[in-house]
Every structure is written in structure tokens, then in C-alpha cells.
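Open the structure in your viewer and switch to a cartoon view. We will walk through it one selection at a time.

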Amino acid sequence: MDTAHSPWRPPLIWRTALVLVRALVGLLARLEVTGDVPTHLRRGPLVLAANHISPFDPLVMIAACQARGIAPRIMATAGLFRVPVFGAAMRHAGHIRVDRGTSAVHRALDDAAGAVARGSVILIYPEGRIGLDPGMWPERGKTGAARLALACGAPVVPVAQWGAHEVLPYRAPRGMLRGITRSLWRRPVIRVHFGAPVDLGESSAASPGAARRATDRIVDALTDTLAPLRPDEPDRPRHVDPGRPTDLSRAHRREPR
């Protein structure tokens, strides 16, 4: 790992945003954060791998990280970087643009690898999209998070969250006002748990199938970390979003070890 550079430090705009986002999440929900990241990993290099169930997830993850004294750099869709003012703020805060569906998508992984090598904490969603599993369990993941961790030798910490789907609907901004109004009144509980670092079982992404096997271990760890957060909803969620489609083509199946 390249340690010749000074470790990345979050700029003031990002540190301020972390505090503001935590306050916003607190208005809309009751946030419960459990687990932690070992002290020596909080400033990186580190990969945080989170499950993805709602458009509200990024704000939840930012608030949870702020509660644990972590300022992650986020791998975010390119569309956010094209929004006037907001996009410039994203770039200045050090977040990493992901051009999904284009030939430039691999550049994001290179940028993230460079950031991790210089001591950053990177937040990534291994599923690569808001999951469409009918039970809202983690889907079969993309290999980006595993390849990033293996390339840099960085540890991976699974971060499971549950409850964000009660704030914003899948098709937001459609239905967003109704969801926010309901949340201001009800303030649903959102639980986030930082799990133990994942044993990827691989030392390099170069060997055939290594990234796939490591990805499955990450998703297994996310599933195990999520289960205690939804003990009364083992099969299907109580809160049903009628606008949320389902897709079984990427169902994750745990392999025996």
C-alpha cells in the first residue's frame, strides 16, 4: 500500500455536512447506532460495505458514521455530480464519481483505490443498486468492493441498516413529500450496526474467482449483521412500498464452507 502521501483529511465542508445530515436524520427518524469500528481503522485505510434498501440510505449512513467519528468518502452515481452547486460540493468534499453503464466506470475503482491507499475510508454499496429482493435481504453483490479491498489490502467492515425504507419510497422523488410528512409525525426507528471486519479469505484478486468469493463473504457478513436488526421481520418487511419492484435474478445464496 502506498503510504508516501499524507493521509486524507475531510475538508470543512464535509465535516459540516456530516453534522447537518445527522440533525436532519434525527428530525425524520429515531436513529440507533450499535457496534463500532476499531479505533486504529477509523481514519483509514478502510472499506465500509453497506446494504442498500432505500434512497434515504446515504443520509442514514452519513449520520451513523458521524456518530462514530468517521468521515467516509462515498462512491456516488455520476448524476449527483452534475447537479449545480451540489455537484461541486461533492467534488470538493472528496467523494468519488461512478459513471455507471459507461466505459468510464472502471475509473471510479481506480480513484477509490488511490484514495484508500492514501488512508481514506470509502463507503460502498456492494449490491450496486437499491436491492429488489422481496424480503429486502442483501442481493448477490458486484465485485467492486472486494476488488478494491484486495487491491489495497484494506479491511472491510460490514455496516447493516434497517428502517430507511420507511422514510423515502423506492421511486423518490415521487411520493417523497408524503414519506417525509409521515416520518416527521411517526419518526420510525432506523437501526445501524457496524459489524466485525470480514475475513475475505483471499490475499489477491488475481487468482481466478477470488473477487467473486470475497464478494460473497462480504454479502454473507452483511446478511448476518442485518438479521439482528429485524428480528420481528425475518421473511418480509412490515412496511410495504407498493412502488417497489421485485427481482429474484440476483438473489444471494450462501455457499457452504
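## A walk across the sheet

Begin by selecting β6 and β7: these two strands run antiparallel and are joined by 4 bridges. Keep in mind as you look around that this is a predicted model. For one pair to zoom in on, pick Val-159, whose bridge partner in β7 is Phe-194.

Stay on β7, residues 189–194, and show its side chains. Which residues make up its covered face, and which its uncovered one? Ile-190, Val-192 and Phe-194 lie on the covered face, while Val-189, Arg-191 and His-193 lie on the uncovered one. In general, side chains in a regular strand alternate between the two faces of the sheet.

Next, add β1 to the selection. It runs parallel to β7, with 6 bridges between the two, and Leu-31 stands opposite Ile-190 in β7.

Now go back to β6 (residues 156–162) and add β2 (residues 46–50): this pair runs parallel and is joined by 4 bridges. Here Leu-48 has Val-157 in β6 as its bridge partner.

Time to zoom out. The open sheet has 7 strands, in the order β1-β7-β6-β2-β5-β3-β4, with mixed pairing. At its edges are β1 (30–35) and β4 (96–98), each of which pairs on one side only. On average, neighbouring strands of this sheet are turned by 25° against each other, direction ignored.

For the last stop, select helix α5, residues 105–117. This helix lies across β2, β3 (73–77), β4 and β5 (121–124), and runs at about 160° to β4.

Key. Residues numbered from 1 in each chain as written. Predicted model: local features only at pLDDT ≥ 70, side-chain atom pairs only at ≥ 80, totals over all residues. Heavy atoms only, no water. Pairing = 2+ DSSP bridges. Axes fitted to C-alpha atoms, helices over the stretch in contact; angles between N-to-C directions. Contact = heavy atoms within 4.5 Å. Buried < 20%, exposed > 50% of the residue type's maximum accessible area, 1.4 Å probe, protein only.
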